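Please examine the following model before reading the discussion below.

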Amino acid sequence: PIKELLIHSDNRKVTWKIGSKSIIDNYVYLMRENHNIIYKASIDLISLFPSNTQSLQDMKLVSNIDGIIERIDMNGDVGFIQLLRNPDKGWSLSQPREGILKRLEVYSFIESLRQYKIENFLDEVVLDYSIYGLEDHTGLKVDLSGISGPLYSFIVGNEVPGKKGYRYARRESEDRVVIISNSVYDDINSAIKRFRTTQVFDFDSFDPNFIHLSDKYHNIILNMNEDRSWYMKSPFNWNVESKSIQDFLKYLEDIKITKFNTNPLKNLMPVSLIVSSDLKDQKITCYISQNTNDSLFIQFNKEQAIHEVNKPQMIDKYLSPLFFKSKKIFNFLPQDIEEIEILNLGTNNIIHKKNINDNFLKTLANLNAESYIAAFPSSLNEFKLDNPWCIIKIYFTKNNYSSNELLIGNKTLSGRYAMIKGRDIVFSLKDDIIDLLISPN
């Protein structure tokens, strides 16, 4: 026969044999096996048979999965990884340690698995899978599981000799070896690496309202007010600059583990960090070195392992209380000011200002430091604030105010050093602000 058609139905097998074309018309002969009756059918019947039987086969590497995926185990070039799905919390990293994953990224990865195609099937019977790198301990393996157990597994093995850009693979439920694009192998290894690069802090799941950052020499405690502004509780009672706290929280949120269970350099200095909300506390220890080019390492509370993270060694920047201090210099209102006296010691000029215009009063009351330089310095000489270039005295109308003195000293790159007399916090002011403050009008 030219073709044979085997039909399985209700535990029965029926075979039809299709013969040659009729000489006198456009029909072919066919006969049911073990029957003596010959039939004629349209020659179009031949066209119903695919030229390549592979077109009838399932060419998806991951066939339709009957069940909800609850666990994903993968073992690739970058190591082992296990993802678990919680009905309430979504997906998380379980191995090599617990970590936070973005739900959408995991679902996107699962969908990509469903799209991978088989390019071809090997015809030969395979007796030794190790030839193709398809043993459990050698290949890239992906296991998908549900509540009741395994759902689907496949292994990606060696590159196909003489066929660049392709690899052998095997669906574990089948004995056949298939050929797939090398991009599948690369994509899955990239996903393993990406999922292993897990977030340390997830501020989507908890809203921090307390931060404690400390080392051998520093102790920074920050609290959130009821109006959601932040203040410093230690080492000083200061208002916190909104931009500074947001910068710090963004730094923490972007920390991701890039290497698990590392052996960091010796002589690292520990920095303790506690971030809390009403419902949750999270504590880690950061390890920094004298060399800012070295990697930053972290250790979770009550765990022995130390992990390398993706962030530079900036944590010491946040150990300075001045980083968080509000840049707003004064805490009075424009209408509280009655008189201003400007003593320009560089020119020996003295300017008295009364009946001051509103714009000037608002500028002075809302004056911001360009940056903070030092807190309680041992000497003011280098800033020329012990013998200032200019003194601006501010007198107030209310009885509970007497006066403030703004001392302005040596030049900086963009302005001058300054300090409120009696506060011992050195900051810098820009030249254009200084020019406005000392103008005679």
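The exchange that follows concerns the sheet, its helices and one loop residue.

Mentor: This is a predicted model, in which local features need pLDDT of at least 70, side-chain atom pairs count only at pLDDT 80 or more, and totals for chains, interfaces and linings use all residues. Residues are numbered from 1 along each chain as its sequence is written, and side-chain values use heavy atoms, with hydrogens and water left out.

Trainee: Which are the edge strands of the open sheet?

Mentor: Strands are DSSP runs of E of at least two residues, and helices are runs of H or I of at least four, numbered from the N terminus. Two strands pair if DSSP finds at least two bridges between them. The antiparallel sheet has 9 strands, in the order β8-β7-β6-β5-β10-β11-β12-β13-β9. Pairing on one side only marks the edge strands, β8 (99–100) and β9 (118–121).

Trainee: What angle does the direction of α3 make with that of β6?

Mentor: Helix α3 packs on the sheet, where it touches β5, β6, β7, β10, β11, β12 (166–171) and β13 (178–181); contact means heavy atoms within 4.5 Å. Axes are lines fitted to C-alpha atoms, for helices over the stretch in contact, and angles run from 0 to 180 degrees between N-to-C directions. The angle is about 70°.

Trainee: Is Asn64 buried or exposed?

Mentor: Asn64 lies in the loop between α1 (44–47) and β5. Buried means under 20% relative accessible area, exposed over 50%, and partly exposed in between (1.4 Å probe, protein chains only). Asn64 has a relative accessible area of 71%, so this residue is exposed.
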